[in-house]
Amino acid sequence: MTLEETAEKIQTMEIRGAGRIARAAAQALHDHSQTIHPADLLTYCQEMEKAAGILVATRPTAVSLPNAVNLVMKPLKKESELQSAKKNLEERACSFITRSEEAVNKIGKIGAKHIRDGDVVLTHCNSEAALGCILKAHEQGMNIEVYATEVRPRNQGHITARTLSDAGIRTNFIVDSAARHFMKEVDLCITGADAITVNGSVINKIGTSQIALAAHEARVSFLVAAETYKFAPRTIVGERILIEERTPDEILSKEMRKKLPYVTVRNPTFDITPADYVDYIITEAGVFPPEMAYTIIKEQLHWDNDDMSSDLP
Ligand code: RUB
C-alpha cells in the first residue's frame with residue numbers, strides 16, 4: 001500500500017481506532033522510506049517530512065497519530081548519513097508497531113484484573129484496548145456480560161458486538177441513548193481514548209462523556225484503557241485537542257437536507273470527558289488516576305519542555 005493509500009484509508013475510516021491509525025502511520029512511513037530512492041540525506045529528510053505531514057493531516061483528534069509519527073521522525077534530525085538514517089527510521093517504525101501491539105496486550109492483562117466474575121461491563125465505540133480487557137477477563141474464565149452501544153453515525157458498535165459474540169460473550173446491543181436507562185444494571189464501564197490531556201480529560205468517541213456522566217450519577221466505575229502514546233504532550237504548553245467534525249452526509253443525506261433549509265447537521269466525532277468522571281486510566285505502564293497525566297507524559301513519553309518550547313513562536 002502506498003503512503004497516499006494509507007492516508008486515504010485513515011481519512012475515510014477504513015483504518016480507524018486510535019491505536020490502529022498510529023500503527024498504520026508508522027507502517028506507511030516505513031514502507032515509504034523503503035520505496036523512495038533519494039540522492040542525498042537532505043532530499044530523504046524532505047521527502048519523509050512531506051510524507052509525515054500527509055499522514056498527520058488525515059484526522060485531527062487521535063493524538064496517537066502525531067505521537068507515532070513524531071517517534072519515528074524526530075531522531076531523523078540528528079542523522080548525518082543517508083543509509084543509516086533510512087535504516088534507523090525503518091527500525092523505529094517497526095519497533096513502534098511492536099511496542100504498540102505489546103502495550104494493547106499488557107493493557108488487556110492489567111484491565112482484566114479490574115473485572116470481577118459476574119460483572120456487567122458497558123463499552124462504547126470500538127476500542128481494541130478496552131475490548132482487550134473484556135476479552136482477557138473472559139479468557140480467564142470470568143462469567144461476564146457486556147452492554148455495547150451502537151455508536152451512531154458510523155456504527156462502530158457493530159464491530160464490537162461481532163468481536164464479543166465471536167468470543168462467546170453474552171452481549172446486549174443497545175442504541176447510544178439507552179446507556180443511562182441500563183446503567184443501573186452495569187458494574188463498570190470501560191472505553192478507549194483518542195487523546196488524554198495534561199489535566200486528565202479523556203477525548204473519545206462522541207457520546208462517551210454522556211456515558212461517563214450517567215456512570216458517575218449511578219456510582220458505577222468508569223475506566224479508560226489507553227496506551228501511553230494516547231497522552232497529548234503539547235497540552236502542557238496549552239495546545240488544545242481539535243475535535244473532528246465530519247461530513248453531515250454521515251447523518252442526513254443531501255436530498256433530505258435540501259428539504260430542511262433551516263436545519264444544520266452537526267457531526268462531532270469525539271467529545272471530552274472531564275477527569276472528574278474518570279476513575280482510572282489503564283495503560284501498559286500501570287493503572288493511574290487521570291490526575292497523573294502530567295507525570296505519564298513526562299516519564300513515559302520522555303517529553304521535555306525544551307522540546308516543546310523550541311517549536312513555539
Ligand atoms: C474510535 C474511538 C476509540 C478510540 C480508542 O473512533 O473513539 O474508542 O480510538 O480505540 P473512530 P483503540 O472509529 O472514529 O476512529 O483502543 O482501538 O485505540
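In this predicted model, two helices, α8 (179–182) and α9 (208–217), each supply at least two residues of the lining of the second largest pocket. Of these, α9 provides the largest share of that lining, with four residues. The pocket itself encloses about 190 Å³ of space. Its lining consists of His124, Arg152, Asp176, Ser177, Ala179, Arg180, Ile206, Gly207, Gln210, Ile211, Leu213 and Ala214. Sorted by class, these residues are five nonpolar, four polar and three charged.

The largest pocket has a volume of about 1200 Å³. It is lined by 44 residues, and those closest to its centre are Pro66, Asn67, Asn70, Leu71 and Trp303. Three elements contribute two or more residues to this lining, namely α3 (41–56), α4 (64–73) and α5 (82–112). The greatest contribution comes from α5, which gives seven residues. In the lining of the largest pocket, 19 residues are nonpolar, 10 are polar and 15 are charged. Where does this pocket lie with respect to domain 1 (3–106) and domain 2 (114–309)? Both domains give residues to its lining, and the largest pocket therefore lies between them.

The description now turns from pockets to enclosed spaces. Rolling a probe the size of a water molecule over the atoms reveals where empty space remains. The structure holds two cavities of 30 Å³ or more. The largest cavity has a volume of about 210 Å³, and the second largest has a volume of about 60 Å³.

The largest cavity is lined by 21 residues, among which Arg16, Gly17, Ala18, Asn126 and Asp194 lie nearest its centre. At least two lining residues come from each of α2 (18–35), α6 (128–139) and β6 (202–205). Of the elements, α2 gives the most to this lining, with three residues. By class, the lining of the largest cavity comprises six nonpolar, seven polar and eight charged residues. Because domain 1 (3–106) and domain 2 (114–309) both give residues to its lining, the largest cavity lies between them.

Some of the residues named so far also appear in the surroundings of the ligand. The ligand is surrounded by 18 residues, and the closest are Arg16, Ser127, Gln156, Asn204 and Lys205. Arg16 is also one of the residues nearest the centre of the largest cavity. Three side chains approach oxygen atoms of the ligand. For Ser127, a polar side-chain atom lies 2.7 Å from an oxygen atom of the ligand. For Asp194, which is also among the residues nearest the centre of the largest cavity, the distance from a polar side-chain atom to a ligand oxygen atom is 2.8 Å. For Asn204, a polar side-chain atom lies 2.7 Å from an oxygen atom of the ligand. How much of the ligand does the protein bury? Taken alone, the ligand exposes 460 Å², and the protein buries 100% of that.

The second largest cavity is lined by Met13, Arg152, Pro153, Arg154, Gln156, Lys205, Ile206, Arg246, Glu250, Asn267, Pro268 and Thr269. These lining residues divide into four nonpolar, three polar and five charged. Gln156 and Lys205 belong to this lining and are also among the residues closest to the ligand. Arg152 and Ile206 likewise line this cavity, and both are found in the lining of the second largest pocket as well.

Two features of the backbone involve residues from the lining of the second largest cavity. As background, most residues other than glycine have a negative phi, and most peptide bonds are trans. Which kind of peptide bond joins Arg152 and Pro153? The bond is cis, with omega at about 5 degrees. Pro153 lies in the loop that runs between β2 (145–149) and α7 (156–166). The other feature concerns Met13, a residue other than glycine whose phi is positive, near 70 degrees. Met13 is found in the loop between α1 (3–11) and α2. Both Met13 and Pro153 contribute to the lining of the second largest cavity, as does Arg152, the partner of Pro153 in the cis bond.

Note on methods. Residues are numbered from 1 along each chain as its sequence is written. This is a predicted model: local features need pLDDT of at least 70, side-chain atom pairs count only at pLDDT 80 or more; totals for chains, interfaces and linings use all residues. Side-chain values use heavy atoms; hydrogens and water are left out. On a 1 Å grid over the protein atoms alone, a cavity is a set of points where a 1.4 Å probe fits but cannot get out, and a pocket is an open set with protein on both sides within 12 Å along at least five of seven lines; lining residues have an atom within 4 Å of a point. Grid points are joined across faces, edges and corners, and a volume is the space filled by probe spheres set on the points. Ala, Val, Leu, Ile, Met, Phe, Trp, Tyr, Cys and Pro count as nonpolar, Asp, Glu, Lys and Arg as charged, and the others, Gly among them, as polar. Domain bounds come from an automatic or database domain assignment. A residue is near a molecule or strand if one of its heavy atoms lies within 4 Å of it. A polar contact is a pair of N or O atoms within 3.5 Å; within protein, one must be able to donate a hydrogen and the other to accept it, and residues adjacent in sequence count only if both atoms are side-chain atoms. Accessible areas come from the Shrake-Rupley method with a 1.4 Å probe; for residues, only the protein chains shown count as cover.
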